[in-house]
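Trainee: Could we go through this one together before I set anything up?
Mentor: Gladly, let us have it on the screen and take your questions as they come.

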Protein chains: 6
Amino acid sequence: MAKIIGSALPNIPWQNPPEQLHNPVWRYDQNPVISRHANKISNSVFNSAVVPFKGGYAGVFRCDSKAVSMDIYVGFSNNGIDFTISDTPIIFEGDPYITKREYRYDPRVCFIDDRYYITWCNGYHGPTIGIAWTKDFKAFHQMENLLLPYNRNGVLFPRKIDGKFMMLSRPSDTGHTPFGDIFISESPDLTYWGKHRFVMGAYPGDQSAWQSKKIGPGPIQIETDEGWLVIYHGVINTCNGFVYSMGVALLDLEQPWKVLARSRHYILGPETSYECMGDVPNVIFPCAALTDSETGRIAIYYGCADTVTGLAFTTVDHLLNYMKEYPLV
Amino acid sequence: MAKIIGSALPNIPWQNPPEQLHNPVWRYDQNPVISRHANKISNSVFNSAVVPFKGGYAGVFRCDSKAVSMDIYVGFSNNGIDFTISDTPIIFEGDPYITKREYRYDPRVCFIDDRYYITWCNGYHGPTIGIAWTKDFKAFHQMENLLLPYNRNGVLFPRKIDGKFMMLSRPSDTGHTPFGDIFISESPDLTYWGKHRFVMGAYPGDQSAWQSKKIGPGPIQIETDEGWLVIYHGVINTCNGFVYSMGVALLDLEQPWKVLARSRHYILGPETSYECMGDVPNVIFPCAALTDSETGRIAIYYGCADTVTGLAFTTVDHLLNYMKEYPLV
Amino acid sequence: MAKIIGSALPNIPWQNPPEQLHNPVWRYDQNPVISRHANKISNSVFNSAVVPFKGGYAGVFRCDSKAVSMDIYVGFSNNGIDFTISDTPIIFEGDPYITKREYRYDPRVCFIDDRYYITWCNGYHGPTIGIAWTKDFKAFHQMENLLLPYNRNGVLFPRKIDGKFMMLSRPSDTGHTPFGDIFISESPDLTYWGKHRFVMGAYPGDQSAWQSKKIGPGPIQIETDEGWLVIYHGVINTCNGFVYSMGVALLDLEQPWKVLARSRHYILGPETSYECMGDVPNVIFPCAALTDSETGRIAIYYGCADTVTGLAFTTVDHLLNYMKEYPLV
Amino acid sequence: MAKIIGSALPNIPWQNPPEQLHNPVWRYDQNPVISRHANKISNSVFNSAVVPFKGGYAGVFRCDSKAVSMDIYVGFSNNGIDFTISDTPIIFEGDPYITKREYRYDPRVCFIDDRYYITWCNGYHGPTIGIAWTKDFKAFHQMENLLLPYNRNGVLFPRKIDGKFMMLSRPSDTGHTPFGDIFISESPDLTYWGKHRFVMGAYPGDQSAWQSKKIGPGPIQIETDEGWLVIYHGVINTCNGFVYSMGVALLDLEQPWKVLARSRHYILGPETSYECMGDVPNVIFPCAALTDSETGRIAIYYGCADTVTGLAFTTVDHLLNYMKEYPLV
Amino acid sequence: MAKIIGSALPNIPWQNPPEQLHNPVWRYDQNPVISRHANKISNSVFNSAVVPFKGGYAGVFRCDSKAVSMDIYVGFSNNGIDFTISDTPIIFEGDPYITKREYRYDPRVCFIDDRYYITWCNGYHGPTIGIAWTKDFKAFHQMENLLLPYNRNGVLFPRKIDGKFMMLSRPSDTGHTPFGDIFISESPDLTYWGKHRFVMGAYPGDQSAWQSKKIGPGPIQIETDEGWLVIYHGVINTCNGFVYSMGVALLDLEQPWKVLARSRHYILGPETSYECMGDVPNVIFPCAALTDSETGRIAIYYGCADTVTGLAFTTVDHLLNYMKEYPLV
Amino acid sequence: MAKIIGSALPNIPWQNPPEQLHNPVWRYDQNPVISRHANKISNSVFNSAVVPFKGGYAGVFRCDSKAVSMDIYVGFSNNGIDFTISDTPIIFEGDPYITKREYRYDPRVCFIDDRYYITWCNGYHGPTIGIAWTKDFKAFHQMENLLLPYNRNGVLFPRKIDGKFMMLSRPSDTGHTPFGDIFISESPDLTYWGKHRFVMGAYPGDQSAWQSKKIGPGPIQIETDEGWLVIYHGVINTCNGFVYSMGVALLDLEQPWKVLARSRHYILGPETSYECMGDVPNVIFPCAALTDSETGRIAIYYGCADTVTGLAFTTVDHLLNYMKEYPLV
């Protein structure tokens with residue numbers, strides 16, 4: 001059995017797999033866990049991040065208001081399933097030139113050393129990667145944007161590698177980007193970034209068509225004894241629009257731009273009515289994962305149809321075996 | 001309390017708001033009120049107009065046939081909820097050059113002085129605004145098209161202002177128009193139109209993104225003591241298509257090109273399966289409203305997913321307060 | 001009563017029409033008959049072909065794997081409703097240059113003389129028409145591709161006409177083709193094809209808008225004493241994507257490029273949740289029909305939302321009458 | 001010989017046709033008559049209008065500045081060939097709400113009764129038709145915009161017809177419009193416009209492909225005893241962009257929405273280096289014509305490659321005969 | 001020295017290469033040889049075919065009329081440089097269903113056995129390959145269209161191979177096709193075609209970017225002792241449109257779907273003003289070649305900017321050596 | 001008089017302005033200085049960089065080969081006008097993972113401290129900014145790519161500011177980018193970059209439309225006592241493609257993300273045949289400038305129509321005055 005490197009999380013949300021299992025990831029049977037009306041002004045609550053916090057859970061949530069204005073909000077939960085989400089967006093401290101808001105969406109939360117780093121897609125003359133840190137989910141300190149526009153989905157690694165901070169991201173453009181590959185960048189200090197490496201890209205053609213148009217990183221990478229587990233989204237372009245599914249890959253622990261394995265099959269695709277119907281139909285977009293090193297359990301939070309938030313379960317072994325069973329050459 | 005200027009309508013269709021109210025407009029709980037198979041040949045019955053008539057209700061309905069040929073049909077109802085719709089389209093009297101049909105859709109009905117004027121999107125070398133009048137919903141007299149192509153959504157005011165007929169409209173193009181602003185025009189005689197003024201436009205950016213791509217007028221403007229209430233549709237362009245929602249604004253009573261207030265939030269967005277699923281998913285398109293001046297009640301008929309017709313309720317105070325609570329600067 | 005020229009099929013799947021019949025074709029009330037998880041690796045099972053075989057039924061099924069790789073699979077059924085589908089794609093025998101797989105989809109099966117011919121959309125530097133034959137649904141012998149790229153939907157006639165094999169097809173392009181007309185071609189030997197004739201095309205404008213963007217042939221043409229019955233798909237382009245519906249036409253028996261009748265109305269359009277929701281919403285795509293010459297019954301297999309397979313029923317008289325009731329001039 | 005209804009203009013610019021005449025219109029051999037650097041700040045001087053004025057000529061010129069800001073300027077000439085153009089744009093008097101400039105381009109000048117009316121494409125929440133009048137080409141009085149957006153090329157008739165002002169125009173959209181037909185509108189007072197009629201449209205297909213994409217009116221219509229002579233532009237869409245050529249049609253004198261004749265061939269197409277090379281290659285765009293009723297001579301000013309202004313010559317008989325020789329059925 | 005298999009042509013048009021030779025093909029220094037006004041109604045004369053005929057030359061010429069209607073015309077020349085072109089298009093004899101003209105363009109002429117076959121892009125519900133034969137360039141007998149739409153550039157081989165007629169073609173679509181590869185087809189009788197093989201395609205990427213968007217065959221393939229010499233066009237898509245250049249490849253004599261060599265460099269690209277300026281700037285489009293087996297000389301006729309016809313020279317050795325010097329792996 | 005901070009360059013190429021000066025920049029009267037056939041395999045030589053070197057000049061030149069493969073080549077000149085350019089591209093030393101070539105274009109050369117840094121658009125899973133250094137223009141040492149894809153036009157500042165290297169760049173996408181703004185980034189070591197700031201963007205609307213679509217930095221920024229002089233390109237999107245012109249701005253010396261001045265007018269636009277005709281018509285693209293601090297003279301090298309290289313002259317005072325005369329508010 002493979003091992004997750006990390007803390008035990010005995011109260012991780014969990015359900016055993018159903019009898020008939022079509023994918024290595026299975027849905028929480030009370031999905032969606034967060035409805036579109038989760039706070040007073042929300043039109044939708046979806047691509048969002050949850051982390052263990054003080055025995056329970058804290059999170060940073062993408063809520064689009066009823067003006068369809070995109071911002072990120074704090075929320076808390078005792079059990080990782082029932083959440084209370086603030087009615088007002090996070091206020092960031094810092095240089096006013098930096099904290100000036102254009103729009104904010106698709107947050108990730110990564111604990112490194114002694115604090116939680118939030119990264120998100122930040123509007124600054126186009127989408128780029130914003131970052132802030134908090135220790136208490138009350139005060140948030142915004143830092144310089146990490147990258148030049150245009151970029152989405154900046155996902156930090158949960159520890160330094162060879163003395164450097166590392167991050168996956170997906171370079172993008174100004175609109176509904178028709179391309180997207182995953183790159184890695186490194187930094188001595190979280191301010192200056194360089195040594196950008198290609199990690200993996202969309203896979204044109206028929207062999208793995210669910211990820212033929214674009215891909216992008218999802219939850220914080222999960223450290224295992226076999227490599228970094230990357231849960232990501234992939235997109236196919238049908239004649240009636242994009243379909244977003246969830247996939248998995250494994251990166252080398254010390255040279256994480258090297259792909260050790262990647263699943264030819266998606267691990268979860270839009271199928272239920274809450275995934276296929278909503279503001280943007282046919283979207284599964286994972287943004288966070290909880291892990292329990294004792295059991296290898298993984299609980300994934302994912303946006304559904306850009307409208308609500310779903311929860312799904314798997315284990316490190318389910319994912320590793322699936323990549324072996326359906327390898328992408 | 002604000003006052004609607006107009007007649008009492010004691011038998012207006014009505015339901016009180018549900019306990020948990022997410023928007024200032026709430027749905028009839030037996031929606032849709034008109035199914036896609038409402039007459040013998042209909043594929044869908046949606047963007048349509050209802051008015052009080054002889055103690056009950058009459059209406060002009062957009063029915064797309066099973067050939068998906070777009071035309072407008074007469075229908076009647078005792079209670080504003082159960083409708084009988086003709087199996088054959090309206091036949092118009094008038095100059096054959098004018099009454100020659102290319103296609104007709106999205107009717108509005110406006111009572112001025114002594115008769116009902118029907119305006120609609122009329123095919124004449126492209127979409128423009130057709131007009132006809134009736135006194136009995138049996139004989140319909142078609143007049144000259146009101147505007148040059150390309151225009152959709154010509155919505156008359158229910159009385160002359162400063163001696164002139166007034167109309168809102170949305171200039172358009174020949175296809176699935178990717179832009180759209182609301183203008184006002186005036187006329188001494190309903191034939192010649194001029195003094196075109198910009199009223200309000202799509203709102204690019206994040207602040208009110210549900211209406212960032214295009215907007216267009218909906219039901220006949222409702223006169224209140226605070227101004228003309230305009231219920232309109234707004235559109236956002238997602239990566240998987242347009243989403244149409246319903247909004248509200250308030251125009252100056254005597255200078256109706258002046259916008260006194262406008263809601264930053266939509267007042268109803270696609271959420272139910274009959275709004276999110278159908279020939280054109282994610283469409284809410286209001287075309288008519290009944291009002292009761294005694295109670296301030298408003299009943300709105302709106303097209304759902306370009307397939308069926310829904311009914312929703314609000315009051316003049318709900319709308320006015322909502323614009324104050326969520327103003328669009 | 002019109003007569004189907006062909007065999008009796010007493011055990012044809014069948015349900016009588018419902019009381020309220022909106023179209024000349026009605027759905028099986030336990031639809032979909034084949035779910036998206038019909039075999040071990042399938043993401044979806046849809047545009048597929050079924051034929052009578054040894055007292056029961058055999059079929060060739062389009063299964064997209066969970067990699068969304070498109071291939072065709074064999075399956076069998078006793079009753080035409082419950083199918084067992086292979087977990088692995090068909091292996092073709094023949095010249096390796098020809099059998100080399102790029103992708104395969106949308107099969108049709110046509111019995112001529114003594115064997116079953118399978119045609120499908122075959123990837124060969126773009127989509128073209130692949131062909132193979134089998135006698136037992138175990139060994140499949142692939143022949144030369146029938147046409148130059150780019151073509152989809154090659155549908156053979158079930159007998160030679162005037163000594164020649166005949167085929168309908170839809171010339172296409174390399175992507176999500178925005179046009180599509182039906183042509184006929186003839187061949188002395190199934191290898192060399194010529195004398196290409198236009199049969200019928202998309203019908204621009206409002207008169208029959210459901211087929212205004214493109215059309216393409218569906219099941220094997222059905223011989224009747226009045227002509228060849230062609231059940232086909234037609235497409236309209238809405239602002240939120242393509243909608244695929246089912247239509248019917250009648251071709252001359254001996255000069256099948258001559259259209260004797262064509263329905264202005266579609267005969268079945270997307271309406272149910274399994275047709276409106278799925279990987280490609282709003283798709284009805286017929287690929288096969290069973291017929292019983294004794295009763296005139298027809299059972300149609302059609303892809304639903306590019307995700308599952310539906311079954312629908314009609315009779316030769318329902319179809320012929322409907323073309324008379326709603327003729328397309 | 002056909003007769004131009006109008007004044008004699010003995011000093012009309014003129015050259016006899018060259019020996020080998022490929023078109024019924026021939027170029028001035030010293031073209032371009034106005035260079036791109038005609039005033040101090042001009043990047044280009046092209047689609048512009050010239051009229052007889054006080055024994056010489058006055059004109060309103062489209063000059064794009066070196067900022068490529070589009071405005072209209074006054075200019076004068078003794079001979080219709082050498083022009084002095086103001087270094088500053090026209091300042092309009094009138095209601096500041098109306099005179100507020102967004103952009104202005106493609107002017108026409110039409111003398112009716114006792115004054116010169118200038119119409120142009122006026123930026124007002126999109127392109128529409130602006131209008132002003134002058135008696136002396138010093139003071140310009142701007143009136144209400146004539147039409148709703150989106151419209152370009154509003155060209156007045158030089159006299160009232162049946163007591164009404166008449167105008168041709170080309171409804172348009174917000175960008176590089178891919179369609180365009182000519183309509184006529186009438187007005188009792190130049191403020192209110194109605195009774196919009198289709199006149200003629202782009203001609204799809206091969207028969208007259210130079211005008212298959214869009215057409216629009218050019219100089220002020222020329223009254224002849226056989227009808228109104230309309231010199232207009234037509235556009236074909238090649239794989240490397242639009243090509244604009246010049247055509248001619250004849251409208252009924254009293255019912256000018258009736259097309260009596262139209263040339264299948266263009267009458268002048270881009271051929272010289274100053275027409276094929278410049279800011280927008282391959283553009284011939286006529287905006288004004290001088291006529292001499294004594295001789296039937298016509299001198300046409302036309303924009304060349306959106307960069308400079310050319311002059312070309314013809315006679316009323318050349319044009320009328322050409323329409324007879326190459327009629328567009 | 002390589003040998004051309006074919007007749008001697010002592011009076012082939014010829015000029016020796018200039019001192020400084022940038023490409024293996026050099027232009028005639030009096031280009032263009034045919035002007036846009038070559039016949040009475042021509043707007044342009046370009047993609048055209050010339051063959052030796054009765055001691056001089058005959059040709060079939062694409063003339064776009066001043067209506068920009070595309071048709072093909074006969075012409076003759078004594079020296080291959082000065083041509084007389086008919087003022088009226090070719091009239092074809094044959095089945096009126098077949099000879100009905102939509103449009104015709106880009107002819108090739110191929111002598112096989114005892115007659116000249118003309119193939120061209122023929123409008124029949126879209127572009128396909130038309131064919132006719134003549135023995136005297138007076139009477140032309142049209143046969144069935146060779147292929148289903150959509151196809152352009154059908155170029156026959158000048159002799160049967162292994163008892164079959166052979167043809168290169170470029171499958172296409174209905175508009176300004178953004179893709180294009182060369183395929184080969186064979187036929188026992190010029191009516192039925194099959195055994196379609198991919199020959200070579202556009203070459204995406206940087207290595208040979210001049211042919212990265214599409215390619216298509218040009219003159220009749222030239223038989224040499226080393227293989228079939230194919231002179232073809234290739235297209236790159238710049239930010240300001242397509243650029244068409246001329247390339248060369250070598251096919252196996254008996255298995256002509258096998259590419260023996262192909263030049264990485266173009267052999268002639270648009271450079272002169274008559275190639276860079278015209279109705280479609282930056283187009284070099286070869287359609288015919290004369291060869292002299294005695295000297296190895298080749299004279300190529302090519303369309304220039306879709307406006308005029310140019311002539312260029314090379315030898316079989318220049319071409320073969322160039323492919324060796326700049327091979328495309 | 002403003003002062004250039006830098007070295008004297010007495011032998012700077014130079015011509016005095018012509019009598020009639022339409023722009024503050026004037027062309028060398030023997031343009032183009034580098035022809036498309038400047039080396040053995042070149043199709044075109046354009047966006048290129050020249051610097052003073054050992055009493056003469058060295059340069060790095062973009063040559064597209066006759067395969068239209070894009071690479072950069074070394075060249076030398078005694079006078080800055082007559083250049084000898086290598087027939088083979090630069091070979092870079094360094095980590096093979098980094099030096100692996102996809103494509104290279106649009107070089108800039110910047111001398112900092114003791115060496116010349118070359119930056120260029122480097123193909124690495126999309127366009128990004130490559131960098132290398134040389135001391136002798138013989139050995140070139142390639143370093144890590146400076147930024148994530150997708151980026152073009154990385155232009156270093158010629159000295160550190162506040163201890164940091166600084167660079168302007170234009171984030172981009174994977175194709176013919178329809179947007180483009182200039183950002184600044186800083187780095188302690190040329191490897192890690194951060195603190196990205198917006199500098200200035202395209203200017204939508206009519207006020208300065210020549211730069212309404214996109215802009216990007218050009219030559220190395222020129223230090224003056226009034227600020228950093230930025231010569232850049234701006235693009236307008238006409239109906240027939242992009243037009244690239246040259247503009248100028250002034251940045252704050254110590255806080256170079258602050259724009260002190262910017263010219264509303266372009267300073268040079270495509271006008272001559274070598275700028276308007278070529279592989280990409282209507283392109284002026286500056287990549288390098290020589291300066292003489294003694295006289296304030298500036299000589300600009302710019303690509304013409306993506307085909308040849310032009311030379312133009314100005315002085316620091318011409319540019320500063322022009323920004324004052326035509327300021328962009």
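Trainee: What covers the buried residues of α3(B)?
Mentor: Keeping in mind that this is a predicted model, the cover over the buried residues of α3(B) includes the strands β17 (222-224), β18 (227-238), β19 (241-251), β20 (259-262), β22 (297-304) and β23 (308-315) of chain B.

Trainee: And which residues in that helix are buried?
Mentor: In α3 of chain B, which runs over residues 316-325, the buried ones are Val316(B), Leu319(B), Leu320(B), Tyr322(B) and Met323(B). Looking down the axis of α3(B), these buried residues fall within an arc of 160°, and so they line one face of the helix.

Trainee: Switching to chain A, how many helices and strands does it have?
Mentor: Chain A has three helices and 23 strands. Its radius of gyration is 18 Å, close to the 20 Å that the globule rule gives for 329 residues, so chain A is as compact as a globular protein of that length. The C-alpha trace of chain A spans about 50 × 45 × 40 Å along its principal axes.

Trainee: What share of its residues is buried?
Mentor: Buried residues account for 70% of the 329 residues in chain A, while the area that chain A exposes is about 10300 Å², with carbon and sulfur atoms supplying 50% of it. As for the contacts in chain A between residues at least 6 apart in sequence, 53% of them join residues at least 24 apart.

Trainee: And the charges, how many of each sign?
Mentor: There are 28 positive and 33 negative side chains in chain A, and the centres of the two sets lie 4 Å apart.

Trainee: How far apart are chains A and D at their closest C-alpha atoms?
Mentor: Those atoms lie 18 Å apart, and no contact joins chain A and chain D. Chain B and chain F do not touch either, with their nearest C-alpha atoms 14 Å apart.

Trainee: I also want to check the backbone; which peptide bonds are cis?
Mentor: Among them is the bond from Pro149(B) to Tyr150(B), with omega near 5°, where Tyr150(B) lies in the loop between β11 (140-142) and β12 (151-156) of chain B. Another is the bond from Asn31(C) to Pro32(C), with omega near -10°, and Pro32(C) sits in the loop between β1 (26-27) and β2 (42-45) of chain C.

Trainee: Why would I single those out, or a positive phi?
Mentor: Because most residues other than glycine have a negative phi, and most peptide bonds are trans. Asp306(A), which is not a glycine, has a positive phi of about 50° and is placed in the loop between β22 (297-304) and β23 (308-315) of chain A. Asn153(D) also has a positive phi, near 65°, but Asn153(D) is found in strand β12 of chain D, residues 151-156.

Trainee: Are those two buried or exposed?
Mentor: Asp306(A) counts as buried at 18% relative accessibility, because the cut-off is under 20%, and Asn153(D) is buried with a relative accessible area of 4%.

Trainee: Last one, where is Asn39(E) and what is it in contact with?
Mentor: Asn39(E) is in the loop between β1 (26-27) and β2 (42-45) of chain E, and it is buried, with a relative accessible area of 5%. Leaving aside neighbours within four places in sequence, Asn39(E) is in contact with Cys63(E), Tyr73(E), Ile85(E), Ser86(E) and Asp87(E).

How values were computed:
Residues are numbered from 1 along each chain as its sequence is written. Chains are lettered from A and ligands numbered from 1 in the order in which they are written. This is a predicted model: local features need pLDDT of at least 70, side-chain atom pairs count only at pLDDT 80 or more; totals for chains, interfaces and linings use all residues. Side-chain values use heavy atoms; hydrogens and water are left out. Buried means under 20% relative accessible area, exposed over 50%, partly exposed in between (1.4 Å probe, protein chains only). Helices (H or I, at least four residues) and strands (E, at least two) are DSSP runs, numbered from the N terminus. The arc is that of the directions from the helix axis to the C-beta atoms. Contact means heavy atoms within 4.5 Å. The radius of gyration is taken over C-alpha atoms; the globule rule is 2.2 Å times the number of residues to the power 0.38. Accessible areas come from the Shrake-Rupley method with a 1.4 Å probe; for residues, only the protein chains shown count as cover. Lys and Arg count as positive and Asp and Glu as negative; His and the chain ends are not counted. The place of a charge is taken as NZ of Lys, CZ of Arg, CG of Asp or CD of Glu.
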